Amino acid sequence: MSTAWESVAATERKLRAYVDGPHRDAERPLFLYLHYRDVHGPYLPPAPYHAMFLPEGWSEEKRRFVDATAELRVGDEVAPWPFEKPVSYALSQYDGEIRYTDDGLARLFDALPSYGVDPANTIVVVTSDHGEEFKDAHPDDRGGVGHGRTLYAEQVRVPLVVVGPGIVQTTVETPVELIDLAPTLSDLAGLSKESARTFRGRSLRPALEGRALESRPVFAGGNHGRGLVHADGRSYLRVARSIGGAPIDVSRRPDPTLEIEYAAQLFVDREDPGQRTNLIDARPKIAARLARELAEHLGGR
């Protein structure tokens with residue numbers, strides 16, 4: 001039985017076995033997809049990462065508890081955090097997972113030449129499928145820990161880093177979607193325009209080469225009438241709640257025994273990046289326009 005944090009090391013061993021195998025032809029194009037799951041619950045980074053981001057001034061009792069969690073095995077039950085403010089503990093371990101995975105990626109990139117991969121002729125993409133929430137405060141929301149419950153910024157804003165030949169070092173301010181990644185890689189690899197038309201997203205190649213990227217609405221979610229549209233610096237959310245209850249997890253089918261009510265929220269992201277002030281009543285025309293955008297998008301699913 002392995003420790004819960006060994007997937008980075010295990011992934012590296014599998015990769016080494018692949019590139020050293022007789023079936024690997026260094027002259028042929030290579031597409032490699034690696035899915036590191038360490039930045040995911042349960043948050044159990046190994047030492048010394050488990051203690052890198054602990055709040056200052058923690059007692060020895062608390063640190064001993066954290067040291068014990070670093071030795072847990074897969075399948076072990078994680079003891080409840082026995083002190084006040086459990087979110088601070090979860091967040092410190094989440095940050096440790098990020099740093100651990102970051103160091104694993106650095107080792108991978110440094111080893112590319114030994115795998116027969118020319119870094120100067122390689123496109124590297126680092127991204128994530130979702131973020132995590134840690135009791136973040138939002139209007140009419142109880143707050144939670146983890147993901148899959150809401151579509152607020154901490155869940156849907158994820159890193160997207162693209163490095164490769166001909167790609168300029170720049171920060172693209174125009175919002176994009178993860179469904180844009182496949183057509184982008186297809187375009188950069190020189191595949192036919194016909195294959196690119198099979199994707200729902202768009203190529204981000206203009207932005208990666210330093211050119212302007214057309215701004216357009218971007219969407220998230222969509223399960224059972226719930227969703228998010230972001231346009232012109234504003235986020236419009238259609239949320240679902242049980243009658244008198246908390247928001248329904250966006251990743252799951254609503255319980256048919258519950259009575260569901262829908263509500264809407266509007267945020268101006270530059271002024272309110274934490275999405276704490278719902279402007280749905282103060283900006284009715286903007287809300288109505290974004291509601292139509294979202295309804296049209298959901299209708300096509």
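## Worked exercises on a predicted model

The secondary structure of this protein comes to eight helices and eight strands. Keep in mind that the model is predicted.

**Exercise 1. Get the overall picture: what share of the residues counts as buried, and how much area does the protein expose?**

Start with burial: 38% of the 301 residues count as buried. Next comes the surface, where the protein exposes about 17800 Å². Carbon and sulfur atoms supply 53% of that area. Finish with the contacts: among those with a separation of 6 or more, 61% are between residues 24 or more positions apart.

**Exercise 2. Take strand β6, residues 227-231, and work out how many of its residues are buried and which way each one points.**

Count first: five of the five residues in β6 are buried, so the strand is mostly covered by the under 20% cut-off on relative accessible area. Now sort the directions. G227, V229 and A231 point one way, while L228 and H230 point the other way. That split fits a simple rule: in a regular strand, side chains alternate between the two faces of the sheet. Here the residues pointing either way are buried.

**Exercise 3. Find out how strand β5 and β6 run relative to each other, parallel or antiparallel, and name the partner of G221.**

Look at β5, residues 218-221: four bridges join it to β6, and the two strands run antiparallel. Then follow G221 across, and you land on G227 in β6 as its bridge partner.

**Exercise 4. Walk the loop between β4 and α5, and classify L178 and E173 as buried, partly exposed or exposed.**

Both residues sit in this loop: L178 lies between β4 (160-163) and α5 (181-188), and E173 has its place there too. L178 has 37% relative accessibility, so it counts as partly exposed. E173 has a relative accessible area of 67%; that is over 50%, so E173 is exposed.

Now see what surrounds them. L178 joins L160 and V176 in a nonpolar surface patch of about 190 Å². As for E173, its C-alpha atom is 9.6 Å from that of S215, although 42 residues separate the pair along the chain.

**Exercise 5. Move on to α5: how many of its residues are buried, and which residue just after the helix takes a positive phi?**

Six of the eight residues in α5 are buried, which leaves the helix mostly covered. The buried ones are L181, P183, T184, S186, D187 and L188. Step past the end of α5 and you meet G190, with a positive phi of about 80 degrees.

How values were computed: Residues numbered from 1 in each chain as written. Predicted model: local features only at pLDDT ≥ 70, side-chain atom pairs only at ≥ 80, totals over all residues. Heavy atoms only, no water. Buried < 20%, exposed > 50% of the residue type's maximum accessible area, 1.4 Å probe, protein only. Pairing = 2+ DSSP bridges. Contact = heavy atoms within 4.5 Å. Areas by Shrake-Rupley, 256 points an atom, 1.4 Å probe, with all protein chains shown as cover. Patch = residues over 30% accessible without salt bridge, like charges linked within 9 Å, V, L, I, M, F, W, Y side chains within 5 Å. Salt bridge = Lys/Arg side-chain N within 4 Å of Asp/Glu carboxyl O.
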